Amino acid sequence: MNSAATYQEAVTTTRALLAEAAQSGEPEPTAMTLATVNAAGRVSARIVLLKQFDERGAAFYTNYESAKAEQLAAHGQVALCLHWKKLRDGVQVRIEGTVERTSAAESDTYFATRARDSQIGAWASLQSQTLPVRGDLDARIAQFEQQFAGKPVPRPPHLGGYRVVPDLIEIWYGQRARLHERVRYERVDGEWTTRLLYP
């Protein structure tokens with residue numbers, strides 16, 4: 001199998017598992033751990049939602065002024081992990097790679113799909129900054145509700161997407177006696193390869 005076909009297999013398998021997870025009863029099948037590193041080498045992890053996955057990579061959306069955005073600017077290599085406990089005997093997909101911003105048009109398209117309350121919240125939240133009292137956030141929500149009353153809510157300039165461009169995709173299938181099946185797709189010297197790993 002050539003390099004392009006190997007990568008396509010990794011993408012196709014991951015997309016099929018995402019679709020299967022959505023039908024499996026998983027409460028949030030697109031929830032994934034995002035691990036980042038700051039300029040000092042400190043690792044952080046949090047849950048974000050996978051919004052698109054295709055041959056270009058895995059996209060999620062966030063505040064460009066948040067702590068995670070600062071870390072992504074400082075160190076562009078990241079790791080993602082999706083885990084579906086209700087799918088088969090448990091399935092995990094790990095993705096590692098470099099991050100890039102999505103286009104403004106893609107971010108606009110995504111933002112238009114959010115509920116209006118969530119759109120207002122994106123304007124009101126100073127993500128990762130200190131919130132002295134909860135009432136301050138409530139006041140900002142009221143401010144932007146009034147500002148955009150009776151009209152569509154535009155995407156704030158500080159909200160947009162990131163895409164993780166993979167150089168590694170590993171798919172882990174749970175098996176009895178912890179003898180799990182692990183299939184690793186990896187780009188080495190510009191070429192995609194695949195191999196099995198011991199559990």
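**Exercise 1. Describe how strand 8 and strand 9 are joined, and find the turn residue with a positive phi.**

Step 1. Strand 8 and strand 9 make a hairpin, with 2 residues between them. Strands here are DSSP runs of E, at least two residues long; helices are runs of H or I, at least four residues long; both are numbered from the N terminus.
Step 2. In the turn, D189 has a positive phi of about 50°.
Step 3. Strand 8 covers residues 181–188 and strand 9 covers residues 191–197. They pair in the antiparallel sense over 7 bridges. Pairing requires that DSSP finds at least two bridges between two strands.
Step 4. Across the pair, E186 is opposite T193 in strand 9.

The model is predicted: local features need pLDDT of at least 70, side-chain atom pairs count only at pLDDT 80 or more, and totals for chains, interfaces and linings use all residues. Residues are numbered from 1 along each chain as its sequence is written, and side-chain values use heavy atoms, without hydrogens and water.

**Exercise 2. Is T6 buried or exposed, and which residues does T6 contact?**

Step 1. Locate T6 in helix 1, residues 3–22.
Step 2. T6 is buried, because its relative accessibility is 3%. Buried means under 20% relative accessible area, exposed over 50%, and partly exposed in between (1.4 Å probe, protein chains only).
Step 3. Set aside neighbours within four places in sequence; T6 then contacts M1, Y185, W192, T193 and T194. Contact means heavy atoms within 4.5 Å.

**Exercise 3. Where is R42, and is R42 buried or exposed?**

Step 1. R42 lies in the loop between strand 1 (31–37) and strand 2 (43–49).
Step 2. R42 is exposed, because its relative accessible area is 62%.
Step 3. Not counting residues up to four places away in sequence, R42 touches T36 and V37.
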